[in-house]
Amino acid sequence: MAGNLKQLSHKPERLVSGHRMCAGCAAPVLVKQILYAVDVPVVIANATCCLEVTTSVYPYSNWKCSWIHSAFENTSATIGGVEAAYRAMKKRGEIEEDVRFMAIGGDGGTFDIGLQSLSGALERGHRFVYVCYDNEAYMNTGIQRSSATPLGAWTTTSPVGTAIAGKTRPRKDLTKIVAAHHIPYVAQASPSNWKDLTTKAEKAFNVDGPAFLNVISPCVPGWKYEPELTIKLAKMAVDTCYWPLYEIENGQYKVNYKPKEKKPLVEWLKPQGRFKHLLAPENKHLLDELQSQVDREWEELLKNAGES
Amino acid sequence: MGKLIAATGNQAVAQAMRQIDPHVVAAYPITPQTDVVEEFAAFVADGVVATEFVPVESEHSSMSTVIGASAAGVRAMTATSSQGLALMWEMLYIAAGLRLPIVMPVANRALSAPINIHGDQSDTMGARDSGWIQLYCKNQQEAYDTLIQAIRIAEHDSVRLPVMVCYDGFIVSHSLAGMELLEDDQVKAFIGKHKALHPLLDTKNPVTYGPLALFDYYFEFRRQLVEGMARAANVIEEVAEEYARLSGRYYGRYEKYNMDDAEIGVLVLGSAASTAEVVVDELRAQGVKAGLLRLRSFRPFPKAELARELSHLKALCVLDRADSPGALGGPVGVEVRSALLESAKRPAVINGIFGLGGRDTTVDLITTVYHRLMKIVDTGTVDEPLFYLGVRGGNNNGRELEAAIPQARATR
C-alpha cells in the first residue's frame with residue numbers, strides 16, 4: 001500500500017515549501033501525507049482557511065498541481081463542478097488522462113459553514129476525496145469556537161470567564177454524519193500515524209465515488225503548546241481514544257488502531273493552554289464529563305466495529 | 001429560416017440551452033425559473049444533450065459548481081431568479097473576479113419580504129455591481145436570441161466575463177409567444193467550440209485559481225475586470241450584428257422607438273417596453289411627439305450613447321422596476337441622470353418606480369407617465385422628480401392605480 005518513508009520521499013511534491021503556515025502546523029504535513037498516496041494528477045479545491053491563505057499569496061503559489069479557491073462554504077460544490085467538467089469531457093472524448101479530485105477545508109469550512117455543500121456533493125456521488133483538517137476551531141480568523149471545538153476548550157468566542165469556563169457544548173461527530181450518507185469510504189486519521197493516513201488516502205482516491213477523511217490537525221497558536229509537540233499531541237489524541245483511527249468501508253466499521261493502554265485524557269489536555277482551566281479543582285466536573293464522553297464514544301465505536 | 005414555434009420565455013431559454021449543449025449545467029429550481037431546469041433535465045434524460053447535469057442542493061452551490069466547471073475549462077451554465085440569485089450573491093462576484101465566462105438566464109422576480117413570486121427587477125439590479133454583464137430582454141424571442149449571443153460575448157478574448165440574461169418573471173417566463181428557433185447546427189456554428197483559458201484540467205500546466213491578493217495586487221485585478229467590461233460594449237454590438245446576419249433579428253445595447261424626433265420619452269428595461277410601444281403609438285396618433293428608449297445592456301452601461309440619444313428631449317421619464325430605498329431614485333434613474341450630466345443640453349428628468357412584485361403595468365398606467373411628461377413640457381416645472389407608479393399610499397395615493405386596477409378604488 002503506502003510503501004515506506006524512503007519511497008514516499010521520492011514522490012513528487014505537490015505542496016512545496018515557502019508557504020506561510022505557522023511553525024509546527026500539522027496541516028501541510030497531513031496534506032503531503034495524503035498527496036503521497038496518489039500518482040495521477042490531482043485537482044484541489046481549497047476552502048477559505050489557513051492552508052488556503054498561506055499557500056496562494058499572489059503572485060506566488062505553493063501548489064504544483066491545479067488548485068482553486070472560490071469561497072469558504074462551497075468547496076464541495078466547487079470541486080463537484082470540476083469533476084463534472086471532467087466527466088463531461090470524458091464523455092465527449094476530449095480528455096484521456098486519469099485525474100483525481102480533492103477538496104480540503106478546516107473544521108469551520110467542513111463541520112459548520114460548508115456542511116450543506118459537503119452533504120449535497122456526497123449525496124450526488126461526485127468522485128472526490130474531501131479532507132477535513134480538524135484543528136477544532138476557526139483558526140484563520142484567530143481561534144473562535146466551531147462545532148468541532150471540544151467541551152470546555154477555551155477559544156476567543158468561548159472564553160474562560162468568571163461565570164462560564166470555555167465551550168459549554170460537546171463537539172459534533174462529523175465522521176458519523178458523513179457516514180450517514182452511505183458513501184463508499186469514510187475514515188478518521190492522524191498525521192502522527194502517517195502510514196495509516198497515507199493508506200487511507202490511497203483507498204479514498206481509489207473508490208469510485210465520494211470519500212471523506214477527517215484528520216486531526218494540532219494548531220500551535222490555537223491549542224497553545226510548543227511547536228515541537230505537534231505530532232506528539234496528534235499521537236496522544238489517538239492514544240487517549242479522543243481521536244480514534246477508524247474507517248467505514250462500504251458501511252463496515254473497522255478500528256485501525258487500538259492502543260495497548262488507553263491513556264487518560266488529561267495527559268493530552270495538559271500540554272495545551274486551551275484546556276489549562278480544566279485542571280483547576282472547580283472545573284473537575286468538566287474534565288470528568290469530557291473523559292466520559294470520550295469513553296462513551298470509544299465504546300460505541302468498538303460496538304459498531306463488532307469488537308465489544 | 002428557422003423553425004417557428006410557440007414557447008414561453010422559459011421554454012425558449014431551455015431550447016437555447018439545448019442547442020448550446022453546455023458541458024455542465026448545475027441548477028436549483030426556483031419560481032419563476034423552474035421550468036428551465038425541468039425542461040433541461042428532460043433533455044438530459046432523453047439524451048438530447050451531452051451535458052453533465054448537476055442537480056445541486058442550493059443556488060449557492062449551483063453557482064459554485066459552474067465556477068468549478070468553468071475554471072476546469074468547459075462551458076457551464078445555470079439559471080435562477082430572485083432569492084436564488086440573492087443566495088448566489090457572494091459567488092457572483094467570484095465568478096466575475098475569476099473572469100469565468102459563465103452564462104446565466106435570470107427570470108426576474110421580486111425579493112422578499114413579503115415573499116412574492118412575480119416579476120420585478122430587484123434581484124438582478126441588486127447584483128449590478130458584481131462584475132457581470134447584464135442584458136435585459138423584452139420578450140421570449142429576445143431571451144432566446146440573447147442567450148445564444150451571451151455565449152459569444154462572455155467567451156470573447158477581450159471580455160472573459162460572466163453574463164446574466166434577464167427576462168421578466170411570468171410576463172415573459174410563463175406567457176406563450178410565437179417565436180423562431182435557429183437550426184441546431186446554426187447555433188452550434190455561431191457559438192463555436194469553447195476555448196478554455198488556463199483550465200484546471202490542463203494538468204501539464206497546473207494553475208492556481210483564486211489566490212490571496214492583498215493591497216499590492218487586488219486593485220489591479222479589479223481594474224482589469226473593469227477594462228474587460230468596457231470592452232464588452234463593442235463586443236455586444238459586433239455579436240448583435242453577426243447574429244442579425246444569421247437570424248434577421250438585431251438587438252444592440254439599446255433599442256429606440258420613435259425617439260429621433262420625440263419631445264418626450266420614456267426609458268425602460270424589459271417587457272414593459274412592449275406596453276410602452278403601444279402607448280407611444282396611441283400618442284403619436286394624437287399628434288404627441290412621444291418616444292421610447294429600451295435599455296438592453298445595463299452592464300456595461302452605454303453612458304455616452306444614452307446622453308446623445310436623450311439630450312434632444314424636453315422631458316424624460318426613467319422607469320425602474322426596482323427601488324433603492326433612501327437613494328435619489330431607482331438604479332436606472334440615478335444612472336441615466338448621471339449620464340445626462342455630461343451633456344450640455346438635457347431634458348427635465350423624472351424617475352418612476354413601477355411594477356414591483358409583478359404589479360400589472362398597463363397601457364393606461366404608462367399613459368399617465370407620458371401625461372406627466374406633457375405637463376412638465378407645458379408648465380416648465382417638475383413637481384415630482386421621483387414617483388411611484390400605481391401604488392397605494394404616497395403622494396398619489398393610488399390615483400393612477402385606479403386606471404390600472406379597477407378594484408383598487410374599493411380597497412384604497
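This dialogue covers the domain contact and one helix pair of chain B in a predicted model.

Colleague: Where do the domains of chain B begin and end?

Modeller: The assignment places domain 1 of chain B at 3-247 and domain 2 of chain B at 254-411. Taken over C-alpha atoms, their centres are 29 Å apart.

Colleague: How many residues does each domain give to the contact?

Modeller: Domain 1 of chain B supplies 26 residues and domain 2 of chain B supplies 20 residues. On the side of domain 1, the elements that contribute two or more residues are α5 (122-125), β6 (133-136) and α8 (218-247) of chain B. Of these, α8(B) has the largest share, with 5 residues.

Colleague: What is the make-up of the side of domain 1 of chain B that touches domain 2 of chain B?

Modeller: That side has 15 nonpolar, 7 polar and 4 charged residues.

Colleague: Now a helix pair. At what angle do α9 and α12 of chain B pack?

Modeller: Helix α9 (residues 272-285) of chain B meets helix α12 (residues 363-379) of chain B at about 60°, and the axes lie 9 Å apart. Angles from 65 to 115 degrees would count as roughly perpendicular and those under 35 as roughly parallel, so α9(B) and α12(B) are oblique to each other. Their crossing is right-handed.

Colleague: Which residues make the contact of α9(B) and α12(B)?

Modeller: From α9(B) come Thr275(B), Ala276(B), Val278(B), Val279(B) and Leu283(B). Helix α12(B) brings Val363(B), Ile366(B), Thr367(B) and Tyr370(B). By class, the residues of this contact are 7 nonpolar and 2 polar, with no charged residue.

Terms used. Residues are numbered from 1 along each chain as its sequence is written. Chains are lettered from A and ligands numbered from 1 in the order in which they are written. This is a predicted model: local features need pLDDT of at least 70, side-chain atom pairs count only at pLDDT 80 or more; totals for chains, interfaces and linings use all residues. Domain bounds come from an automatic or database domain assignment. Two residues are in contact if their C-beta atoms, placed from the backbone, lie within 7 Å. Helices (H or I, at least four residues) and strands (E, at least two) are DSSP runs, numbered from the N terminus. Ala, Val, Leu, Ile, Met, Phe, Trp, Tyr, Cys and Pro count as nonpolar, Asp, Glu, Lys and Arg as charged, and the others, Gly among them, as polar. Axes are lines fitted to C-alpha atoms, for helices over the stretch in contact, and angles run from 0 to 180 degrees between N-to-C directions. Angles under 35 degrees count as roughly parallel, over 145 as roughly antiparallel, 65 to 115 as roughly perpendicular and the rest as oblique. A crossing is left-handed if the near helix is turned anticlockwise from the far one by less than a right angle, and right-handed if clockwise.
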